[in-house]
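Student: I should like to go through this structure with you and ask how each descriptive term is justified. Could we begin once the structure is displayed?

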Amino acid sequence: MKFKSFLVPALAVIVATILLFVGPIPQKDSYHQFADQRTIAGIANFWNVISNLPFSLIAAWGFSAAGQLQDKKLKVISGFIFLGFFLLAPGSGYYHLQPGNVSLVYDRLPMSLIFMSFFSWIIYDRIDRAKNFLLFIVLNMLGISTVLYWIYTEQTGAGDLRWYAMVQFFPVLAIPLILRFYKSPFKHEREIIPIFVLFGVAKLTESYDAQIQGWLSGLISGHTLKHVLMATAGYFIVKMIRRRASI
């Protein structure tokens, strides 16, 4: 068996082991304190709520693109990516309307579908189509379970975000290895690289929420900009699938 077949599983074991030693990571209450709390047209946190609407457009466009794929299993995986975007629009909108740990579940469940389905798409495309459709199912079940585990631990007074964090960031570590060691005739790097860049910048804008709002004279906050960047990343996912369907 080739050495490269052990790379991603070994990386998963290493990251999980490190997280075990790190210990539980609770959700900070400050996470829910967004810089832009303006109420407009009776909608609290208006811009953070309304900026979720582009996810619905990405979902509609993405379902159309997924429907054009000839590979039925890849069509299902792609459909789940855009199911995540479809659910994210109301889920994240609800969370930003009433920020709190319970409402955050409705934001994080769709996000886990997007992360795990996109990761599964890359694995299926690059490594082993015969076996990795099952992995797509397993990864999505794991993704959902990390969100449920997190909210359960929060409600029992011992919040633990570690495993949801792994759902978010492990694909960022693993996908470059897959692209490096497993080749595909479809050359999706032209879309995947912008997706990675947009995701990274989105996390930065989330971290500098208030500072960005100050730099832009209150026009838009970092968190609102995060939604725009994530929707743009979704555009590149749609573009990747449309190009795959056309080949």
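**Terms and their grounds**

Tutor: Let us begin with F196, which is found in helix α8. Please bear in mind that this is a predicted model.

Student: Why is F196 called partly exposed?

Tutor: The relative accessible area of F196 is 24%. Buried requires a value under 20% and exposed a value over 50%, so F196 falls in between and is partly exposed.

Student: Which residues does F196 contact, leaving aside its neighbours within four places in sequence?

Tutor: With those neighbours left aside, F196 is in contact with P171, V172, I175 and P176. Contact here requires heavy atoms within 4.5 Å.

Student: How far is F196 from L7 in sequence and in space?

Tutor: F196 and L7 are 189 residues apart in sequence, and their C-alpha atoms are 20 Å apart in space.

Student: What makes α8 roughly antiparallel to α10?

Tutor: The two helices, α8 and α10, pack at an angle of about 170°, and their axes are 8 Å apart. An angle over 145 degrees counts as roughly antiparallel, and therefore α8 is described in that way relative to α10.

Student: How do the residues of the contact of α8 with α10 divide by type?

Tutor: In the contact of α8 with α10 there are 14 nonpolar, four polar and six charged residues.

Student: How many cavities of 30 Å³ or more are counted, and how much space lies in the largest cavity?

Tutor: The count comes to one cavity of 30 Å³ or more. About 240 Å³ of space lies in the largest cavity. Two or more residues of its lining come from each of α4 (72-97), α5 (101-126), α7 (162-181), α8 (189-207) and α10.

Student: Which residues lie nearest the centre of the largest cavity?

Tutor: Of the 18 residues that line the largest cavity, I114, F115, F118, I195 and F199 lie nearest its centre. By type, the lining divides into 16 nonpolar residues, two polar and no charged.

Student: Why is Q213 called buried?

Tutor: Q213 is found in helix α9. Its relative accessible area is 14%, and the cut-off for buried is under 20%; Q213 is therefore buried.

Student: Which residues does Q213 touch, not counting those up to four places away in sequence?

Tutor: On that count, Q213 touches A35, D36 and R38, together with G218, L219, I220, S221 and G222.

Student: What is notable about the phi of S217?

Tutor: S217 has a positive phi, near 55°, in a residue other than glycine. S217 is found in the loop between α9 (209-215) and α10 (222-246).

Student: Why does S217 count as exposed?

Tutor: Exposed means over 50% relative accessible area. S217 has 72%, so the term exposed applies to S217.

Student: Where is A41 found, and what is the sign of its phi?

Tutor: A41 is found in the loop between α1 (7-22) and α2 (46-50). Its phi is positive, about 55°, although A41 is not a glycine.

Student: How do you know that A41 is exposed?

Tutor: The relative accessible area of A41 is 73%. The cut-off for exposed is over 50%, and A41 is therefore exposed.

Student: Why is P9 called partly exposed?

Tutor: P9 is found in helix α1. Its relative accessible area is 47%, whereas exposed requires over 50% and buried under 20%; P9 is therefore partly exposed. The C-alpha atoms of P9 and K203, 194 residues apart along the chain, are separated by 26 Å.

Student: What makes I127 partly exposed?

Tutor: I127 has its place in the loop between α5 and α6 (129-155). Its relative accessibility is 37%, and the range for partly exposed lies between the limits of 20% and 50%, so I127 counts as partly exposed. I127 touches N132, I178 and Y182, not counting residues up to four places away in sequence. From I127 to M111, 16 residues apart along the chain, the C-alpha separation is 24 Å.

Student: Why is Q68 called partly exposed?

Tutor: Q68 lies in the loop between α3 (53-66) and α4. With a relative accessible area of 37%, Q68 is therefore partly exposed. Not counting residues up to four places away in sequence, Q68 touches R242 and A245. The C-alpha atoms of Q68 and I241 are separated by 8.8 Å, with their positions 173 residues apart along the chain.

Key
Residues numbered from 1 in each chain as written. Predicted model: local features only at pLDDT ≥ 70, side-chain atom pairs only at ≥ 80, totals over all residues. Heavy atoms only, no water. Helix = DSSP H or I, 4+ residues; strand = E, 2+ residues; numbered from the N terminus. Buried < 20%, exposed > 50% of the residue type's maximum accessible area, 1.4 Å probe, protein only. 1 Å grid on protein atoms, 1.4 Å probe; cavity = no way out; pocket = protein on both sides within 12 Å on 5 of 7 lines; lining within 4 Å. Points joined across faces, edges and corners; volume = space filled by probe spheres on them. Nonpolar A, V, L, I, M, F, W, Y, C, P; charged D, E, K, R; others polar. Axes fitted to C-alpha atoms, helices over the stretch in contact; angles between N-to-C directions. Parallel < 35°, antiparallel > 145°, perpendicular 65-115°, else oblique.
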